[in-house]
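Biologist: Before we discuss the model, I would like each term to be set against its definition, please.

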Amino acid sequence: MTDRNQTLFDRARNVIPGGVNSPVRAFRAVGGTPRFVQRAQGAYFWDANGKRHIDYIGSWGPMILGHGHPAVVEAVQRAVLEGFSYGAPTEREIELAEAILAHVPSMQMVRLVSSGTEAGMSAIRLARGATGRSKLIKFEGCYHGHADALLVKAGSGLATFGNPTSAGVPPEVVQHTLVLEYNNIEQLEEAFKLHGPELACLMIEPIAGNMNFVRASVPFMKRCRELCSQHGALLVFDEVMTGFRVDLGSAQNVYAQAIPGFQPDLTVLGKVIGGGMPLAAFGGPRAIMEQMAPLGPVYQAGTLSGNPVATACGLATLKEISKPGFFADLSAKTQRLVAGLTQAAAAEGVAFSGDSQGGMFGFFLLPELPHNYGQVMKSDSPRFNKLFHGLLDRGVYIAPALYEAGFVSAAHSEQDLADTVAAAREVFKTLN
Ligand SMILES: *Cc1c(COP(=O)(O)O)cnc(C)c1O
């Protein structure tokens, strides 16, 4: 049988750099041929060879209802018939803004954009514009999209600012970005001591999903909030991945349960709020958001922002996940998956640790959960790659890199979870 994934990959590489439109899809970390998706339904997608996979990526988070949820498909079909894009405001943009604000009380106003990168970049511009300051803190292992100022790795010390992680980013563009270790309170305090009056914002993934799955500890998050407030810097939550994925109130609600009254200043959203369509957002208190053009001096714009088909998709998705019990069910299911994998690993004597929140999970072939990027890097990637390919052969598709979170949808059945755990147990046998 000809391998149509391979045929398509060869063709793609001729016309698209690396054959993909986003790097991690290329399987460079794990080796082998990317699976080209033919179609998807519920918890599954079928690749170009017609092989079915249980999908734990779900477009990297957006597909929280699974693929092709009937209510979402219907809303999109209706919207498409009314026009694809107008470049003029629509009622649905108000409805989506209201639906987002209803669940995330830290936000009083929101601006819709088309990608998480765009939202993160705009939130930083707003933080700088609103504070009149230039410097910002980010953390090693957190990803906030590919805006120039955020493609940074740590410099040589706390007094020095970052170095670009991509060619094409001039050092001057990242000279205001300070990169700290995640969950390191001492470093955080030191950084504020040195740079406090110049800091516009601290940007963080509250539950980091771009170094697999690493939670900010409650004491660390509490200190982030206190130091930002003391020094007049804005606390920016990048919830592109966690927003409406880990909880209906997003990760900030998870932290508010542990830290009374906790709220970030600005929130960046994407992924789930578009339900799989290009849609993202950033928002916060009215006084800050009114700094945005056309009211204020901070410029930002977008031809396709608040696109009528994307907003229909996002609204229908939010309506489904707002139904009573949705997150309790999704969380319980995700916890059962992680528990099943943990037991299977233990039965085969494989070092394993896993964690989840809502419909987002992560696991490591490490005896204990890591707390920062350095510890995540200690994961054994040859063994992860073996696990990845073993699961892929058995029709289970997890992220093709060990630095990525996994996602369970409402469409995953108990049988899907059981099949996944059984497949993992077979592969665990080969890891020792
Ligand atoms: C996916 C992601 C982004 C970037 O969003 P895009 O829509 O891919 O531009 C930013 N921040 C976080 C935390 C993400 O997971």
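Biologist: What makes the lining of the second largest cavity nonpolar, polar or charged, residue by residue?

Modeller: Ala, Val, Leu, Ile, Met, Phe, Trp, Tyr, Cys and Pro count as nonpolar, Asp, Glu, Lys and Arg as charged, and the others, Gly among them, as polar; on that basis the lining divides into 11 nonpolar residues, one polar and no charged. The residues concerned are Y56, L337, L341, F352, F361, F363, L387, L391, I398, T420, A424 and F428, and T420 is the polar one, because Thr falls among the others in that scheme. This is a predicted model, in which local features need pLDDT of at least 70 and side-chain atom pairs count only at pLDDT 80 or more, while totals for chains, interfaces and linings use all residues. Residues are numbered from 1 along each chain as its sequence is written, and side-chain values use heavy atoms, with hydrogens and water left out.

Biologist: Which elements give two or more residues to that lining?

Modeller: They are helix 10 (326–347), strand 16, helix 12 (381–393) and helix 13 (414–429), where helices (H or I, at least four residues) and strands (E, at least two) are DSSP runs numbered from the N terminus. Helix 13 gives the most, with three residues.

Biologist: Why is a space called a cavity and not a pocket?

Modeller: On a 1 Å grid over the protein atoms alone, a cavity is a set of points where a 1.4 Å probe fits but cannot get out, whereas a pocket is an open set with protein on both sides within 12 Å along at least five of seven lines; lining residues have an atom within 4 Å of a point. By this rule there are three cavities of 30 Å³ or more. The largest has a volume of about 90 Å³ and the second largest about 70 Å³, a volume being the space filled by probe spheres set on points joined across faces, edges and corners. Of the 13 residues that line the largest cavity, F363, F384, I398, E404 and A405 lie nearest its centre, and strand 16 (residues 360–364) contributes the most, three residues.

Biologist: What lines the second largest pocket, and how much space lies in it?

Modeller: That open space holds about 470 Å³. Its lining has 21 residues, with E93, V110, R111, L112 and A293 closest to the centre. Helix 3 (91–103) and strand 4 (109–113) each give two or more residues, and helix 3 has the largest share, five.

Biologist: How do you know that the ligand makes polar contacts?

Modeller: A polar contact is a pair of N or O atoms within 3.5 Å. A ligand oxygen is 2.8 Å from a polar backbone atom of G116, another pair joins a ligand oxygen to an N or O atom in the side chain of N210 at 3.2 Å, and a ligand nitrogen is 2.7 Å from an N or O atom in the side chain of D238; the three distances therefore meet the cut-off. The protein covers 82% of the 380 Å² of accessible area that the ligand has on its own, by the Shrake-Rupley method with a 1.4 Å probe.

Biologist: Why are strand 1 and strand 17 said to stand at the edges of their sheet?

Modeller: The open sheet has four strands in the order 1-2-3-17, with mixed pairing. Strand 1 (37–41) and strand 17 (396–397) each have a single partner strand, so one side of each lacks a neighbour in the sheet. Two strands pair if DSSP finds at least two bridges between them; strand 1 and strand 2 (residues 44–47) have four, in the antiparallel sense.

Definitions and conventions:
Polar contact = N/O pair within 3.5 Å; in protein donor to acceptor, adjacent residues only side chain to side chain.
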